[in-house]
Amino acid sequence: MSSEDKFIPKMLGIICNWCCYGGADLCGVSRFQYPTYIRLIRVMCSGRIDMKHILTAFLNGADAIFCGGCHINDCHYNPEGNYDALSMVNLCKKLLEHTGINPKRLRLEWVSAGEGIRFANIMNEFAKEVEELGPLGKSEGIAPDEMKSRFEKIIKLIPYFKLVKMKELAIHNPDQESYTRLYTAEEIDKLIREAPSYWIDPEKCQACMTCAKRCPVDAIISAKQQVHIVDQEKCIKCGTCLAACPPRFGAVTKVVGAPVPPPLPEDKRAIIRKARKEKAS
Ligand code: SF4
Ligand code: SF4
């Protein structure tokens, strides 16, 4: 391969202000070398890194992502954000596996502000590994369009993963090894396969507006005397509307493993009250 054809990875590092960024800074001041194609973004805490940051970076063409924080029990915040990063990265790795992407493309390390040489060593080792893996998707045998659609699907489900895995994502356990066993591949496959959708039956909805008032993300298209509609793009699958809809109406349905019916056109959403309907017939 000529030097012109050499694969130059797009690598992103998301690192915490207090320790890992200090380590990167010391690395630079000490003139330790690491590849210039690794771009760094500073965040206040590794616990601030969200699944959405990671998966969106992959969607937008990153070949690998590095997350860096303070060593465990050295986090500058209380409760320690690096435990959150640990659990979140392990979940992301499982999601990458589900997507068909090599989870080695995502790496989490702890680097203190005094460990400039450690920062350089990790960057060099990770860069070498990614160069060997090759471009995202190519070495995994996934076409760009297919990969894009897989990432888009997973990104849409992030709020749902956070809800369902809230307990695991909040675990603080000094045994770091235990985090690799938090999520199994089978469990993640099942979680995605059985991700529910919520649908409002236009025949049953009485426009009482209870669901719209309780929805935490304004995902219900609501108007007086109009059949209510779940905006599937905004819905985070929390199920609040299902619990909120009065049993006498029972208009909200949980749909699993099937597409939801398309929403009623706007000009057909006017409510015909049950009582009036009965009188008319
Ligand atoms: S499931 Fe939750 S987010 Fe979705 S429409 Fe119902 S209340 Fe809103
Ligand atoms: S709570 Fe039930 S009946 Fe009331 S607006 Fe929502 S879906 Fe319709």
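A residue counts as buried here if 20 or more other C-beta atoms lie within 10 Å of its own. With that cut-off in hand, welcome to a short tour of this predicted model.

**Starting at helix α1**

Seven of the 10 residues of α1 pass the test for burial, so this helix is largely enclosed by the rest of the structure. The buried residues are C20, Y21, G22, G23, A24, L26 and C27. Their packing partners are β1 (11-16), β2, β3 and α4 (116-133). Just after α1, R31 adopts a positive phi of about 60 degrees.

A little further on comes Q33, in the loop that joins α1 (20-29) to β2 (38-43). Is Q33 buried or exposed? Q33 counts as exposed, because its C-beta neighbours inside 10 Å number 10. Q33 also has a partner from elsewhere in the chain: A120 is 87 residues away in sequence, yet the two C-alpha atoms are 6.4 Å apart.

**The chain as a whole**

It helps to step back for a moment. The protein chain holds 11 helices and eight strands. Its radius of gyration is 24 Å, well over the 19 Å that the globule rule gives for 281 residues, so the chain is more spread out than a compact globule. The C-alpha trace spans about 85 × 45 × 30 Å along its principal axes. Of the 281 residues, 33% count as buried. Among contacts with a separation of 6 or more, 77% are between residues 24 or more positions apart.

**Helix α3 and residue A85**

Helix α3 is another well-covered element: 17 of its 19 residues are buried, so α3 is largely enclosed by the rest of the structure. Its length also fits what one would expect of a helix. At 1.5 Å a residue, the 19 residues should span 27 Å, and the end C-alpha atoms are 26 Å apart, which agrees. Just after α3, G100 has a positive phi of about 95 degrees.

A85 is a good place to look inside this helix, since A85 lies in α3. A85 counts as buried because it has 25 C-beta neighbours inside 10 Å. What does A85 touch, leaving aside its neighbours within four places in sequence? Its contacts are S46, G47, I49, C67, G69 and L108. A251 is a distant point by comparison with these contacts: 166 residues separate A85 and A251 along the chain, and their C-alpha atoms are 39 Å apart.

**Helix α5 and its two sides**

Helix α5 shows a two-sided pattern. M147, F151 and I154 are buried in α5. Seen down the helix axis, the buried residues fall within an arc of 65 degrees, so they line one face of the helix. These residues pack against α2 (51-59) and α3 (81-99). On the other side of α5, the exposed residues are D145, S149, E152 and K153. The span of α5 (residues 144-156) checks out too: its 13 residues should cover 18 Å at 1.5 Å a residue, and the end C-alpha atoms are 18 Å apart, which agrees.

**Around the two ligands**

The table sets out the surroundings of each ligand.

| Ligand | Residues around it | Nearest residues | Classes in the shell |
|---|---|---|---|
| Ligand 1 | 13 residues | C215, C235, C238, T240 and C241 | 10 nonpolar, two polar and one charged residues |
| Ligand 2 | 14 residues | C205, C208, C211, C245 and A251 | 11 nonpolar, three polar and no charged residues |

A251, met above as the residue 39 Å from A85 by C-alpha atoms, is among the closest residues to ligand 2.

**Positive phi outside glycine**

Two loop residues deserve a look for their backbone. N73 has a positive phi of about 75 degrees although N73 is not a glycine. N73 sits in the loop between β3 (64-69) and α3. With 11 C-beta neighbours inside 10 Å, N73 counts as exposed.

K237 is the other one. Its phi is near 65 degrees, a positive value in a residue other than glycine. K237 belongs to the loop between β7 (229-230) and α10 (240-244). How exposed is K237, and why? K237 is partly exposed, because 19 other C-beta atoms lie within 10 Å.

Note on methods
Residues are numbered from 1 along each chain as its sequence is written. Chains are lettered from A and ligands numbered from 1 in the order in which they are written. This is a predicted model: local features need pLDDT of at least 70, side-chain atom pairs count only at pLDDT 80 or more; totals for chains, interfaces and linings use all residues. Helices (H or I, at least four residues) and strands (E, at least two) are DSSP runs, numbered from the N terminus. The expected span of a helix is 1.5 Å times one less than its number of residues. A residue is buried if 20 or more other C-beta atoms lie within 10 Å of its own, exposed if 12 or fewer, and partly exposed in between; C-beta atoms are placed from the backbone. The arc is that of the directions from the helix axis to the C-beta atoms. Two residues are in contact if their C-beta atoms, placed from the backbone, lie within 7 Å. A residue is near a molecule or strand if its C-beta atom, placed from the backbone, lies within 6 Å of it. Ala, Val, Leu, Ile, Met, Phe, Trp, Tyr, Cys and Pro count as nonpolar, Asp, Glu, Lys and Arg as charged, and the others, Gly among them, as polar. The radius of gyration is taken over C-alpha atoms; the globule rule is 2.2 Å times the number of residues to the power 0.38.
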